[in-house]
Amino acid sequence: MIDPLTGVVVVAAVGAALAFVSDRALRRRKRAFVDRYGTYDGFRTQVDADEVRTVRGARGDVAAVKFVRDRHPLASLAHAHRYVKEL
């Protein structure tokens, strides 16, 4: 059996490691977005607005955001939501 102090230390170490890995993945994704699109405006020029409007009209905003994310996996949820909202 593990004493309580050891358990807390193990949980803290695992949590810190997961936070580190998550932060690295987020930074890598943001860097890839900038390398691919430059800015949000660069991203907007790459998305087919007519297709997104069609999906939004047929299935709603959530489906349109998912469609944008599926077509442009480097885009964050915030970018995809903003794009659909601005259409």
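Colleague: In the protein chain, what share of the contacts with a separation of 6 or more comes from residues 24 or more positions apart?

Modeller: Such residues account for 56% of those contacts, and I should add at once that this is a predicted model. One example is the pair Ala-49 and Tyr-83, which lie 34 residues apart along the chain and have their C-alpha atoms separated by 9.1 Å. Ala-49, which is found in helix α3, is in contact with Tyr-83 and also with Leu-87, once neighbours within four places in sequence are left aside.

Colleague: Why is the protein chain called more spread out than a compact globule?

Modeller: The radius of gyration is 19 Å, whereas the globule rule gives 12 Å for 87 residues, and since the value is well over the rule, the chain is described as more spread out than a compact globule. Along the principal axes, the C-alpha trace spans about 60 × 30 × 15 Å. The chain itself contains 5 helices and 0 strands, in the pattern α-α-α-α-α when read along the sequence.

Colleague: Where does Glu-51 lie, and how far from Val-10 is it placed, C-alpha to C-alpha?

Modeller: Glu-51 lies in helix α3, and the two C-alpha atoms, from residues 41 positions apart along the chain, are separated by 49 Å.

Colleague: What makes Glu-51 partly exposed rather than buried or exposed?

Modeller: The relative accessible area of Glu-51 is 30%; buried would require under 20% and exposed over 50%, so the value falls in between and the residue counts as partly exposed. Among residues further than four places away in sequence, Glu-51 touches Phe-67 and Arg-71.

Colleague: And why is His-72 called buried?

Modeller: The relative accessible area of His-72 is 9%, and the cut-off for a buried residue is under 20%, so His-72 meets the criterion. His-72 lies in the loop between α4 and α5, where, not counting residues up to four places away in sequence, the contacts are with Tyr-37, Phe-43, Gln-46 and Val-47. Over the whole protein chain, buried residues make up 22% of the 87 residues.

Colleague: What makes a set of residues a nonpolar core, and which residues have the most contacts inside the largest one?

Modeller: The members must be buried residues of the nonpolar types, joined through side-chain atoms within 4.5 Å. The largest such set here has 17 residues, and those with the most contacts inside it are Phe-43, Val-52, Val-68, Tyr-83 and Val-84. Two or more residues come from each of α1 (4-37), α2 (40-46), α3 (49-59), α4 (61-71) and α5 (77-86), and the largest share, 5 residues, is that of α4.

Colleague: How do you know which elements α4 packs against?

Modeller: The criterion is contact, meaning heavy atoms within 4.5 Å. In α4 the buried residues are Ala-63, Ala-64, Val-65, Phe-67 and Val-68, and they pack against α2, α3 and α5. Val-68 illustrates the point, with contacts to Phe-43, Val-52, Ala-80, Tyr-83 and Val-84 when neighbours within four places in sequence are left aside.

Colleague: What can be said of the surface and the charges of the protein chain?

Modeller: The accessible surface comes to about 6400 Å², of which 60% belongs to carbon and sulfur atoms. There are 16 positive and 10 negative side chains, and the centres of the two sets lie 2 Å apart.

Key. Residues numbered from 1 in each chain as written. Predicted model: local features only at pLDDT ≥ 70, side-chain atom pairs only at ≥ 80, totals over all residues. Heavy atoms only, no water. Buried < 20%, exposed > 50% of the residue type's maximum accessible area, 1.4 Å probe, protein only. Helix = DSSP H or I, 4+ residues; strand = E, 2+ residues; numbered from the N terminus. Rg over C-alpha atoms; globule rule 2.2 N^0.38 Å. Areas by Shrake-Rupley, 256 points an atom, 1.4 Å probe, with all protein chains shown as cover. Lys, Arg positive; Asp, Glu negative; His and termini not counted. Charge placed at Lys NZ, Arg CZ, Asp CG, Glu CD.
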